[in-house]
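User: I am new to reading protein models and would like to learn how the labels are justified. Could you take me through some of them slowly?

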Amino acid sequence: ISDMKKKLTVTEDPMIPSESHATVEENEAPVKAKRSKPEMAGGEEEVYHPVKLSRSDLYRPPTAEELNQLKETESLFHCSLLKMQMEELLKEVALSERRKQQIDSFIQAVTKLLQTVPNSSDVELSDLSWLSSAVKVPFLLVPKTTKGKFHMAPPASVDLIGSYPLGTCTKPRIMVDLAVTIPADVLHPKDVLNQRYPRKRALYLAGLAQCFASSSEIGSMRYSCLHGNRLRPILLLTPPGKDSSSFTLRIHVCPPPGFFKPSRFNPQRNNIRTEWYSGFGEPPTPHYNSSVLGDLLPRAHLQFLSAVSSQCSAFADGVALLKVWLRQRELDQGTGCFNGFLASMLLAYLLTTHRISNSMTAYQQLRNSLNFLASTDLTVNGISLARDPDSTAPSLAEFHTAFQVVFVDPSGHLNMCADITACTYKQLQHEATLSMQFWDNPTVDGFHSLLMTPKPMIRTSDHVFQLCELVKLQSSCKKMNLLSELMDHSGNYVHTALPFIVSLLQRGLGQRIHLLTHSLSPDPEWSVESEAPKHRAQPPLAFGLLLSPELAASVLERGPAADSPMAAEFRQLWGSRSELRRFQDSSITEAVLWDGESMCQKRLVPRQIITHLLQLHADIPESCMRYVGAMVDDVIKTGSEVPSTGDEESLLVVQSYDDLSRKLWRLEGLPLSITAVQGAHPALRYTQVFPPVPLKVDYSFFDREKTSRSLVPKEGKPCPAYITPITVICHMEGSGKWPHDRLAIRHIRTAFHICLGELLKKHHNYTCRPCPTHLDVWKDGLVFRIQVAYHREPQVLRESVNAEGLLIVRDNEEAQALEMATIHKPLLTSTLHGLQQQHQCFGGVCRLAKRWLGAQLFSDAITEDTTDLLVASLFLQPAPFTPPGSPQVGLLRFLCLLSSFDWRDNPLVVNLNNQLAATDYTEIKNDFMASRESLPVLFIATPKDKKQSLWTKRAPSVQMLQRVVMVAAESLKLLEHQLMDRDQIQDVKVVMRPPLDAYDVLIHLNPKQVPLLTQAVDPPTVTFSRGIIAGKVAQSGGALPVIDYNPVTLYLAELRDAFGELALFFCDPHGGTVIAVLWKPKAFIPVPFKTSQMSARRVEVTGEEANTIPNIEAILEDFWVMGKGLIKSVEARTEKWSF
């Protein structure tokens, strides 16, 4: 699937003509296209010219088939593009003729080899002396011995089964199934008992492997298990040579049809005698029974599906689409998966019950299948394909008592979903419901979300945890009294305990989660020369939680009243954590209180619940559990006693701002009244990486400025703590007294700043400092920067009078910048503040995303506002996911969006407040395509900005966006690997450390003069005192501290001003101690000598010509001189300029 984005007409072999061309020629048989000669002799692609149609052909009425296709496209699809995408996808996953020929010839070679299997003499089942030491039996022989005789003999028959003969086999994982029938004289009718048949089956498979071992016609040979079922081992063969990885042939060993009576395998019957297994009573063994019965029926299933398929022309395509849908959701492989066989059977069920008609297209079949899955709960109401089952067949109710999910095959005896857990089926239902929701939404790219987007667990679930030492599940089976179930699963304690662990966690987590999912253990594979792997040898079991945001972080679990009959059950579930509590409404109930003060601690309450329940009820210690819920959050954590990720600090800032806003509205004595007070700072929308913290200043650390008595930094001391000014826009009412001159308006604004400062000082005792552009207010240990705005000022800036005295209105950068600061930014801040109220972790995702961009030195290319909009799109249009429920999963999806979105050909539409309709989307897309060349390379459309992408006009450039996309893709791969693979060195900060080898010069800064040093990804052990009294907040009044003083940003601005034409400068704004410099290649092209253009250049004379080139040595010295005191060293990494 990953290659589908490439040109879809490319086939597997360049020598074969493209399949799409073939179909075009078939469809247009009457008219032959003229082909021009190849343009180049070097074997370039042939060029197709438009077909010249005669007048009669041009106006020929459409055929019935064409009319049918047009009507279908109009009624079924949002647009004809979706239909074409589906058709291309089907071509992409279908097998080519060349591949089919390879498969057929390999099957013939294997069939010939199977006829040469030698006969051997009868031996006891436990006697393996006839096997060579190079081949092992693919079975865990526990208990060691069982009755019975065995001998090898050539197979009774060899048949193709499964998807290949049915025509539903798809790429990229091509599996072809071959059923080899054991001769009847090798088996005995009583072999169903005590694993005799599964052991004979495994021995026969080992005999086949021994026969194949010496053949040169077989490439590689490995054992595996069918869908992870250890009772049904299979042999995987691949062809020799270069085709070895192109497909796999699976050898299944089966009994002769009808050899065992199906009634022996009723789910209520016992076929493993307990005295043989462990020595207790005789419980039913439904899973063992269905494993053996499954081997009896594959030919009958193929005949049934072939009969259904022959009636419905689009059956194979419908199955192919459903398999792609399942594969993208990781539901089609592993133990208890919903595999391609079940997908075929589901479609067959819908066709035989007439929920789908035989004339429906593949698209309609997929849609109806998903609709059926979404609306039908097979854990409660099972379905059956048996039309007239015999009298010995079990009823659906009997199947339901033995299995969690019921879907009965045409014989009426086999539950095909025997291994699927209720949890996996609920996940399937959830995915189908989600797909149906966005399928009909014309604003979502349905095809891409439905069939092209992979959904790995780490990116789909809000929290993930793993059970690592699976051998501990043996003691869980004992603790939970599952010994008879363990016997039924033939000793596989992992799959015996799994359903019980899942239901325990679902009881404990209750309303906190929407969905609990678990990973499907991959089918084990091992060499024919080694013993079958133990059950514990599989990868860790992973569980995914889809959180319910409003309840997941609650620290209180309130139970039933103390005298209620439910109280005992509650106490049994929670053990010693349950206690009686009295609440404000006078009720006395059972309750459990979990630990957690800050939001980042409360987010991990589910972890405490899971750890407690597993320890209490399943004997699984905390050391066996690995919780991957908030590992990445560490990079934005502050505070040592109560760690916080910025939620509480942001709330304090917003509360202080709301108080200031109310006080501004109530001010009396202003010449004009205030019409609006709006925040225009990321901290006021909860998205500042490290929100401003209320401070108390240590006066002894500073000198005093003489006139205003403000504090100024002392020389020789470390740079004082950075104090962020929080921007607030204050709109004054319109009046005829406002002047129409830009300079006069500025003077009036300055007067307002002075007046506001005086009133705030007089009424509220706030320390204020007015400036021409703003008024700084020191309040609650925070600084608010109030800017007075007049709504007509941008218009005044656009007006000018020419020499003839005519008024000219012309847009300019000054007016745009003013509109951005006073209109667009406040509006964006209030809108995103609203989004944060809907989705509690929106701010957390923004903070993590910005931390990653800053750490990778991209914060100038992707600005704060751009990042907030990109993250907003993940919440407003999450398809095919649900909105992120934790900051970590939000970061993963942000990296995925950056690296996989098609920025060149598509605008990213962020539908804030749901103001855009489907027609607006079409209009935005059309306008974008019409003027693509003149638009920003990263285009974001919002309801108030459909055509210009104001937020990304200046940055990023094409080169920077390419770099961001590349680094995001690598970071995503690395981070997901770190989070899911416990064998990695656990350090998620590795994605926050930028690769510096791409840069030419590194300027190392003196940590003493970097005010935000403690925010660095790897903060130094030595910190500096920066004039702050810890843990205290300033009272109103007092001297004004040093505001907005960061030597690093000031130095960067000077460097860009002086050398911006020669180089690009990068730095992590959050405590970075390195400035990385990248020379611009164009700057080193020699230019003719001009006295006016000698800044930072030197002259080179060659013959008659005098050219100038950059004087690198002098520039590096300038870097040092300009940053004296701030710079520790300048490191020239490359010498590109010397070439």
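Analyst: What follows is a set of questions and answers about a predicted model, in which each label is set beside the value behind it.

User: What makes up the protein overall, in helices, strands and buried residues?

Analyst: The protein has 35 helices and 35 strands, and its C-alpha trace spans about 110 × 90 × 60 Å along the principal axes. Of the 1139 residues, 52% are buried. Among contacts with a separation of 6 or more, 71% are made by residues 24 or more positions apart.

User: Why is Phe-150 called buried?

Analyst: The word buried applies under 20% relative accessible area, and Phe-150 has a relative accessibility of 1%, so Phe-150 counts as buried.

User: Why is the pair of Trp-130 and Phe-150 called tilted, rather than stacked or edge-to-face?

Analyst: A pair of aromatic rings is described by the distance of the centres and the angle of the planes. Here the centres are 5.5 Å apart, which is within the 6.5 Å limit for a pair, and the planes stand at 35°, which is neither under 30 degrees nor over 60, so the pair is tilted. Trp-130 belongs to the loop between β1 (123-124) and β2 (149-150), while Phe-150 is in strand β2, and the two are 20 residues apart.

User: What makes the pair of Tyr-349 and Phe-407 either stacked or edge-to-face?

Analyst: The ring centres of Tyr-349 and Phe-407 are 6.2 Å apart, again within 6.5 Å, and the planes meet at 80°, which is over 60, so this pair is edge-to-face. Because Tyr-349 is in helix α12 (residues 340-352) and Phe-407 is in strand β9 (residues 407-408), the pair ties together parts that are 58 residues apart in sequence. Both residues are buried. In total the structure holds 25 aromatic pairs, and ring pairs also link Tyr-197, Phe-259, Phe-260 and Phe-265 into a cluster.

User: Which residues have the most contacts inside the largest nonpolar core, and how many residues does this core have?

Analyst: The largest nonpolar core has 118 residues, and Leu-208 and Phe-407 are those with the most contacts inside it. Helix α7 (residues 196-213) supplies the largest share of this core, with 10 residues. Another core lies apart from it and has 66 residues, including Val-464 and Phe-858. Returning to Phe-407, its contacts beyond four places in sequence include Leu-342, Met-345, Leu-378 and Ile-383.

User: How do you know that Asp-295 is joined to other side chains by polar contacts?

Analyst: A polar contact needs a suitable pair of N or O atoms within 3.5 Å. The side chains of Asp-295 and Tyr-197 are joined at 2.7 Å, and those of Asp-295 and Arg-201 at 2.4 Å, both of which fall within that limit. Asp-295 is found in helix α9 (residues 286-296), and its relative accessible area of 3% is under 20%, so Asp-295 is buried. Other residues that Asp-295 touches include Arg-232, Val-253 and Pro-255.

User: What makes you say that the charge of Arg-558 sits over the ring of Phe-583?

Analyst: The charged end of Arg-558 is 4.1 Å from the ring centre of Phe-583, which is within the 6 Å that the label allows; the label also requires a position within 35 degrees of the ring normal. In a further case, Arg-367 lies over the face of Trp-439, at 5.4 Å from the ring centre.

User: Why is Ser-586 called partly exposed while Gln-195 is called buried?

Analyst: For Ser-586 the relative accessible area is 48%, which lies between 20% and 50%, so Ser-586 is partly exposed. For Gln-195 the relative accessibility is 1%, which is under 20%, so Gln-195 is buried. Each has a positive phi without being a glycine, about 65° for Gln-195 and near 75° for Ser-586. Gln-195 is in the loop between β4 and α7, whereas Ser-586 is in the loop between β15 (579-582) and β16 (588-593).

Definitions and conventions:
Residues numbered from 1 in each chain as written. Predicted model: local features only at pLDDT ≥ 70, side-chain atom pairs only at ≥ 80, totals over all residues. Heavy atoms only, no water. Core = buried A, V, L, I, M, F, W, Y, C linked by side-chain atoms within 4.5 Å. Buried < 20%, exposed > 50% of the residue type's maximum accessible area, 1.4 Å probe, protein only. Helix = DSSP H or I, 4+ residues; strand = E, 2+ residues; numbered from the N terminus. Contact = heavy atoms within 4.5 Å. Phe/Tyr/Trp six-rings, centres within 6.5 Å; stacked < 30°, edge-to-face > 60°. Polar contact = N/O pair within 3.5 Å; in protein donor to acceptor, adjacent residues only side chain to side chain.
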